[in-house]
Amino acid sequence: EQANGEKSKYEEELKRKREEEEQRKAEEERKRVEEEAEERKKFEEEKRLREEKEAEEKRLAEEKRLAEEKRLAEEKRLAQEMKEVERKRREEENKKKLEEENKLEEAEVVVEDKLETEAESDKVEENVNDKETDQESKDSLSDLFEDKPAKKEDKIDS
């Protein structure tokens with residue numbers, strides 16, 4: 001009986017040690033699985049953070065590109081606006097020059113007309129004077145001729 005009791009004690013001790021070993025192995029396995037899960041979770045978090053960082057960098061790069069495009073478009077618009085203002089200024093200058101030239105031409109025409117009118121007036125005056133002079137000449141010639149026959153008659157009478 002004692003041998004049976006010792007055998008039974010020995011078997012119980014072995015059984016208890018096996019159970020402790022199995023519990024230890026199960027605990028180690030659980031820890032390993034937890035560590036792997038923790039590693040996986042850590043890896044996934046790092047991956048998510050990396051992707052977020054890349055997405056943020058892409059977003060910032062896109063914003064920068066759009067801002068640059070907007071700046072260039074604004075510069076181009078301002079340059080066009082300046083060209084348009086300059087074009088209008090030149091047109092206005094040309095218009096003023098043309099108006100001045102037209103005024104000068106009109107003034108020249110007026111002066112020429114006045115000169116022509118004066119010249120015509122002078123010619124008319126000269127013609128009138130010439131006619132008067134002609135008339136006076138004719139009158140005096142007539143007087144001469146009229147007087148001469150009278151003189152001849154006077155001579156004949158005498």
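This report walks through salt bridges in a predicted model.

## About the model

Since you may want to find each residue yourself, note that numbering starts from 1 along each chain as its sequence is written. The model is predicted, with local features needing pLDDT of at least 70, side-chain atom pairs counting only at pLDDT 80 or more, and totals for chains, interfaces and linings using all residues, while side-chain values use heavy atoms and leave out hydrogens and water.

## Salt bridges overall

The structure holds 23 salt bridges. Here the term means a side-chain nitrogen of Lys or Arg within 4 Å of a carboxyl oxygen of Asp or Glu. One network of them links Glu86, Arg89, Arg90 and Glu93.

## Three pairs along helix 1

Let's start with Arg59 and Glu63, whose closest N and O atoms are 2.2 Å apart in a salt bridge. Both sit in helix 1 (residues 2-157), four residues apart, or about one turn of the helix. Helices are DSSP runs (H or I, at least four residues), numbered from the N terminus. Arg59 has 36% relative accessibility and Glu63 has 41%, so each counts as partly exposed (between 20% and 50% relative accessible area, 1.4 Å probe, protein chains only).

Next come Arg65 and Glu69, joined by a salt bridge of 2.3 Å, N to O. About one helical turn separates Glu69 and Arg65, because they are four residues apart in helix 1. Glu69 is partly exposed at 42%, and Arg65 is partly exposed at 39%.

Arg87 and Glu91 also form a salt bridge, at 2.2 Å from N to O, and lie four residues apart in helix 1. Arg87 is partly exposed at 31%, as is Glu91 at 43%.

Conventions: Helices (H or I, at least four residues) and strands (E, at least two) are DSSP runs, numbered from the N terminus.
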